[in-house]
Amino acid sequence: MKFVKYSAVAVAIAGSLGLAAPALAQTVIGVSVPTADHGWTGGINFFAQQAVERLEATYPELDFVFQSAPDSTKQAADLEDMVTTRGIDALVILPGDPDAMTASIKKVKDAGKWVTVVDRELSQSGIEDLYVAGDNPGLGAVTAEYFKSRLPDGGKIVVLRGMPIPIDAQRVDAFKAGIEGSGIEILDEQFANWNRDDGYKVMQDFLTKHAEIDAVWCQDDDILIGVMKALKEAGRENEMWVVGGAGMNQIIKMVGAGSEQVPVDVTYNPNMIAVAIDVTALHFVAGLQTNGRYIIDSTLVTPENAAEFDYEGTPF
Amino acid sequence: MTTVASDSAPKVQKRRFRLGVLGPLIALALLLILGTALNGNFLTFANMANIVARASFIGIIAIGATFVITSGGLDLSVGSMAAFTAGMIIIIINALAPTLGTGIEVIAVGILAGLLIGSASGACNGILVTAGRIEPFIVTLGALGIFRALITFLANGGTLNLNFEVGWAYEPVYTGDILGIPVPIIVFFAIAIVAEVVLRRTTFGRHVAAIGSNEQVARYSAINVDRVRLLTYILQGLMVGVAAALYVPKFGSANSSTAVLWELQAIAAVIIGGTMLKGGFGRIWGTVVGVVILELIGNILNLQSLISPYLNQAFQGAIIILAVLLQRTRTNQR
């Protein structure tokens with residue numbers, strides 16, 4: 001009997017607490033990103049939170065819900081919670097696994113919310129209102145141009161790829177199309193999954209297999225760190241130069257300082273998440289039509305313009 | 001002279017407050033109250049349905065794990081087995097879609113294949129444990145690696161995607177509802193009810209508990225220990241198959257990071273629910289409550305901004321330890 005009494009009191013307290021919050025006419029935007037499992041996603045988390053803080057301060061009528069998820073199960077759960085209990089009006093999402101998340105994102109769209117997808121395309125088109133991404137083919141093409149300019153008579157290179165997902169294929173295909181006919185020979189290419197450890201292992205294997213390498217393309221700065229470690233340990237740093245990608249702060253600084261080993265970088269800016277959140281917010285606060293595809297260019301970072309891409313405080 | 005026997009009737013044993021039994025329920029109630037305090041939308045049917053539907057994957061697997069743990073065994077491979085089974089379902093459906101069409105037949109074949117593959121995988125574990133006389137921990141640890149590698153191999157390091165048209169036809173299995181209750185919840189509760197009956201009321205269930213309690217005594221009591229054990233592993237595999245069949249319509253894909261660490265969540269749910277890790281006693285409804293508690297913690301952490309959601313697993317771990325502590329005091333009252 002006492003138990004019943006206590007629990008009744010507890011429920012009453014809970015009920016009153018639940019009714020306490022006043023309601024304001026807010027637009028709630030949900031932001032869902034993967035947890036920082038590699039440097040680039042660390043940058044995404046940083047820039048996303050920075051954008052959220054900036055926009056909450058600038059526009060009092062905007063509220064944000066920020067969630068990061070280590071896997072699809074949690075990300076799908078986050079989406080459900082955002083719609084059901086947090087009452088979002090819009091969703092900005094970088095799906096960790098776009099194929100697995102397609103159905104969940106479609107559910108959010110079907111619930112009448114605005115959907116912005118960042119970086120990784122869903123397995124079905126037509127679901128999102130706004131798509132913001134870097135220019136993956138552009139990254140490959142810009143890099144290919146640089147390689148052609150450095151190796152006008154051809155040369156031998158090795159390629160370290162990312163993960164076996166479509167954007168990696170876009171980059172590599174564009175690169176190969178770019179160097180066609182230039183005499184540059186790709187000795188070897190392998191997946192390094194955009195992380196340092198795999199980059200290190202793959203580069204070590206390449207160094208063992210190939211006695212002569214002129215240059216390395218590893219399309220990502222996390223991989224580049226692993227590649228440089230392997231080169232240093234083998235004592236072959238001066239034999240070849242390396243080009244990464246994505247614009248890691250440490251590498252940008254190296255490029256700015258005029259490093260010979262890392263002469264240039266190519267941007268694939270994690271700040272794209274901030275672009276996505278801002279453009280989505282514009283739709284709500286200024287009533288602009290922002291549906292469409294916004295592809296941010298991949299720019300070649302040279303010692304001349306490196307300062308532009310040197311962001312302060314970024315963990316990436 | 002006979003003395004009138006004192007009319008002290010035998011004292012009625014006062015119902016002792018069994019913390020071990022009520023513990024999970026109290027925790028559940030506390031979490032519900034906390035959630036309501038944090039967000040007005042928490043106790044809505046929509047949110048509760050989401051939570052229980054999400055919990056149903058681990059829940060169904062955990063029901064199978066309850067049987068295995070009650071019999072004194074352990075199955076660490078369930079997560080990888082689920083990923084492998086989901087991958088096989090996708091491969092089979094994709095392969096049969098051209099011939100069988102993209103309607104209900106190919107889905108039925110896919111689900112059936114999933115159940116069979118799950119049961120067969122469980123049987124492999126079971127045979128190695130019983131006939132091979134190898135520790136369940138070791139067998140299932142090896143199986144964990146093998147299944148994980150198999151799904152990575154099948155997906156060629158990438159992702160296996162379900163054929164789109166079949167995906168749309170299959171989707172109602174996860175998103176559909178009967179009388180307003182989502183299908184996964186109905187499947188989950190149906191399995192839970194059947195499992196509770198089997199564990200408590202059938203001979204098989206008694207044998208499972210007996211084996212876990214004291215294997216030698218069970219053997220001397222003419223219980224076919226090996227056969228019962230094998231059946232628990234097959235049952236676990238079957239449950240994994242059901243969970244995989246429900247997983248495929250929700251995510252439509254399987255890859256090497258599917259269902260990672262599900263085994264730990266399933267075992268945690270079983271322990272929180274009151275089943276003893278050393279075996280001998282199992283509580284199915286406790287497992288159900290355990291699974292919902294684990295999912296609620298994640299949900300509640302999402303609702304507030306004081307504590308980082310990254311600490312989710314810290315809370316889960318703390319609750320497991322607490323549950324085991326309560327179990328220890330409870331053994332005296334059993």
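Guide: Two residues are in contact if their C-beta atoms, placed from the backbone, lie within 7 Å, and in this predicted structure the contact takes 28 residues from chain A and 28 residues from chain B. Because the model is predicted, local features need pLDDT of at least 70 and side-chain atom pairs count only at pLDDT 80 or more, while totals for chains, interfaces and linings use all residues. Residues are numbered from 1 along each chain as its sequence is written, and chains are lettered from A and ligands numbered from 1 in the order in which they are written.

Visitor: What makes up the side of chain A that touches chain B?

Guide: α1 (2–18), α3 (72–84) and α4 (98–110) of chain A each supply at least two residues of that side, and these count as helices because they are DSSP runs of H or I with at least four residues. By kind, the side of chain A divides into 12 nonpolar, 10 polar and 6 charged residues, where Asp, Glu, Lys and Arg are the charged ones, Ala, Val, Leu, Ile, Met, Phe, Trp, Tyr, Cys and Pro the nonpolar ones, and the others, Gly among them, polar.

Visitor: Why is the crossing of α3(B) and α4(B) called left-handed or right-handed?

Guide: The axes of helix α3 (residues 78–100) and helix α4 (residues 104–130), both of chain B, come within 8 Å and cross at roughly 145°, and the crossing is right-handed. The residues making the contact include B:Met88 and B:Ile92 of α3(B), together with B:Gly110 and B:Ala113 of α4(B). They divide into 12 nonpolar, 5 polar and 1 charged.

Visitor: What makes B:Ala82 part of the largest nonpolar core?

Guide: A nonpolar core is a set of buried Ala, Val, Leu, Ile, Met, Phe, Trp, Tyr and Cys residues joined through C-beta atoms within 7 Å, and buried means that 20 or more other C-beta atoms lie within 10 Å of a residue's own. The largest core has 187 residues, with B:Ala82 among those that have the most contacts inside it, and helix α11 (residues 225–251) of chain B gives the most to this core, with 16 residues. Among the residues that B:Ala82 touches are B:Ile61, B:Ala243 and B:Trp262.

Visitor: How do you know where this core lies with respect to the domains of chain A?

Guide: Domain 1 (27–133 + 270–296) and domain 2 (136–266) of chain A both give residues to this core, so the core lies between them. The C-alpha centres of these two domains lie 31 Å apart, with bounds that come from an automatic or database domain assignment.

Terms used:
Axes are lines fitted to C-alpha atoms, for helices over the stretch in contact, and angles run from 0 to 180 degrees between N-to-C directions. A crossing is left-handed if the near helix is turned anticlockwise from the far one by less than a right angle, and right-handed if clockwise. A residue is buried if 20 or more other C-beta atoms lie within 10 Å of its own, exposed if 12 or fewer, and partly exposed in between; C-beta atoms are placed from the backbone. Lists of a residue's contacts leave out its neighbours within four places in sequence.
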